[in-house]
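Reader: I have a structure to look at and little practice. Can we go through it by question and reply?

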Amino acid sequence: MNPHLIILFVILPMAAGIVSVLLHSFKQAQRVVGLLFLLANAACAAWALATVVTAPDAVSRILTSQMGNWPAPFGITIVVDPLSAIMLTVSSVTCVAVFIYCSTQLPTRFAGGYFYALFHLLMMGVQWAFITGDLFNLFVAFEIMLMASYVLFVVGTTREQVRQAYKYILLNLLGSTLFVTALGWLYGQLGTLNMADMSRMAMMGTLPKSSIPVIALLLVVFGGKTAIFPLWFWLPDAYHTLPAGIVGLFAALLTKVGAYVLIRVFVMIFGPSQEVSQVLVPVLMISAGVTMFLGVLGAVSMHTVRRILSIHIISQVGYMVMGIGMGMTIGAATGSKELAVAGAIFFVIHNMAVKCCLFLCGGLMQTHAGSDDLDRIGGLLKKAPWLATLFMIAAMSLAGLPPLSGFFGKFVLIREAITQERWVVMTFAILTSLFTLLSMLKIWSYGFWSPAPEVSLEKADMRRAISEGLMHERPRIAGGMVAVVLLVGVSLSMGLGAQKYLDISTLAAQSLVNPEPYIEAVLGKERIREIEASRLQASRLTMDTEGVR
Amino acid sequence: MSTTILRTASRFIVPLGLLFAFFIYFKGHQTPGGGFVGGLVASVSLVVHRMAMGGKSLERMLPIRERTMIAIGLLCAVGTGTAALFFGLPFFTSNHGYLSDAFDNFEWATVMVFDLGVMLVVTGVVVGMIDALSIETEEPDKEGSSR
């Protein structure tokens, strides 16, 4: 793959978005064109992953392109390394599934207008975040992603949606303000926002002490986006108001981008710096434990499918943060760090597919029964046996039963927790797994297993759901099933071919825990030396002037 | 809003404003100006036209809808960047040169297409937003709210 072609991951969704705007009045055409673009995008992602994985050595595993031919660290760099390639592949496949679901299940008034354009633009922001090589462009990518999500939040305009969207937008605006403030501050101290360049400074130990609070501020920003404790309060209220297709998209992409950024920024860029790790690792570990445990307790206490799954997103983020924290631990063996990060990566991609799949299942349950309130429905096992089977596979995968994908993610993470003797967080991780199983079984037993309620509220519920814009007037369930089957397929392949996926994740983790090849691929050997010399000179100059004073 | 004075003046202001917008756009490559400012100036003249002559007249004057304008503008911008890929260069690599003496050695650059895209997007966004907001405040039977 010609490395310059990696920009296609931004061009393709953007072009798809533009074409959707041009085809504004032709819904069917928007669906077809959008699906074609998404398939092309997924093919490109698979191609990039194949290129990256089969490359002969660590440096050539990293594809870089300098926008406008301006050299790094001065220009805009985009990079596809193994981590980006994995994230791109899994997210693009998930998006294909969600797109199919949305085009068949979403009510007409959602799907009209600019829904498909926004879908593509959201994806553009997400994919840009995956390939960007500097923090400022990450900010821009976040903004694109968030702006699309703001509109998708209110696209159905029920009263409840607008009320929750107001909170969501306000909090995210606050987050963005903090983000850009932190970036300005960081740029003032380091003179660069290029990821490779910052990582180089962290490796050499030349990060100024005063930059540590700023880096901690970045953790607050990304923590808010990822919804980790104590910054997760916005998520459960906001997500459950949305129809299943959109919330599936958000669950698959938004918080996972946050997790990706946490891995990228804290493991790769600042991980090599001892001072930063010293401050951040305890914070990350405590936050991970509390996030996963409180999240799952919240999920168990809820009684509608979408609410259970929404709060559950938070709990799953805890596992990812746990892996990140263990990947930054000072004094741990490199192999153990790599495995912990690989576990986190595996967990992120597993979660992308499975969580999204469960939301889509929840949506289909509502299509069958008119509601997703567990008190009002039941007997779906007889009514929709296939949906029940697929839901069971996805739910057990989320709970982490072998041989499904969730098991391997948790297995690696818990094993590394034992290696690093982190008993408390390990206990929480196992307890959380049990409660996850409980919350999934709750949906199973109330929704599928129990007999259908005697007084059927189905008709009334269905009317209400349609008027609230949560359901299509004449839903085509087959389309939704295709999406669910696709996602369950991804999850099964991750469970049955776990070794393959873990190998690739480990490859990605290696280039994160030891970012030297990344730095070399982005900055070049010569550039490193040049920058080194100029920095040395600068430091001499400041020493001289200090001497004069 | 529509008075005889404004209506008469707008006949002069609108073409001059549009011309000035293009002047700023061409000037912008090396000196202050460019697609963004040019787009703002162009949209101000279009808005003046709307104030004087009404929304219907603006609709007749514009050959395309605002959202189409935005989409075409974005396509220009993406297209400029993508063109470099066909020459095996990174996205957004630009090229430039000079026209002959007859054109006063005018310096052209591929970035100008990008800038034209910016101009179209800005014009489309501003005119479209003001149009949409004005329709809300105007009487529905006069303008029709089915845009």
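Reader: Is α13(A) enclosed or open to the outside, and how do I tell?

Author: This is a predicted model. Count neighbours: a residue is buried if 20 or more other C-beta atoms lie within 10 Å of its own. In α13(A), 24 of the 24 residues are buried, so the helix is largely enclosed by the rest of the structure.

Reader: What should helix α13 of chain A span, at 1.5 Å a residue?

Author: Helix α13 covers residues 305-328, and its 24 residues should span 34 Å. The end C-alpha atoms of this helix are 36 Å apart, which agrees.

Reader: How many helices and strands does chain A have?

Author: There are 23 helices and two strands in chain A. The radius of gyration is 23 Å, close to the 24 Å from the globule rule for 549 residues, so chain A is as compact as a globular protein of that length. Its C-alpha trace spans about 85 × 55 × 45 Å along the principal axes.

Reader: What share of chain A is buried?

Author: Of its 549 residues, 60% count as buried. Look at sequence distance too. Among contacts in chain A between residues at least 6 apart in sequence, 80% join residues at least 24 apart.

Reader: How many residues does each chain give to the contact between chain A and chain B?

Author: Chain A gives 15 residues and chain B gives 14. On the side of chain A, α1 (8-22) and β1 (63-66) each give two or more. The largest share, six residues, comes from α1(A).

Reader: Which kinds of residue make up that side of chain A?

Author: Nine are nonpolar, six are polar and none is charged.

Methods. Residues numbered from 1 in each chain as written. Chains lettered and ligands numbered in written order. Predicted model: local features only at pLDDT ≥ 70, side-chain atom pairs only at ≥ 80, totals over all residues. Helix = DSSP H or I, 4+ residues; strand = E, 2+ residues; numbered from the N terminus. Rg over C-alpha atoms; globule rule 2.2 N^0.38 Å. Buried ≥ 20, exposed ≤ 12 C-beta atoms within 10 Å, placed from the backbone. Contact = placed C-beta atoms within 7 Å. Nonpolar A, V, L, I, M, F, W, Y, C, P; charged D, E, K, R; others polar. Expected span 1.5 Å × (residues − 1).
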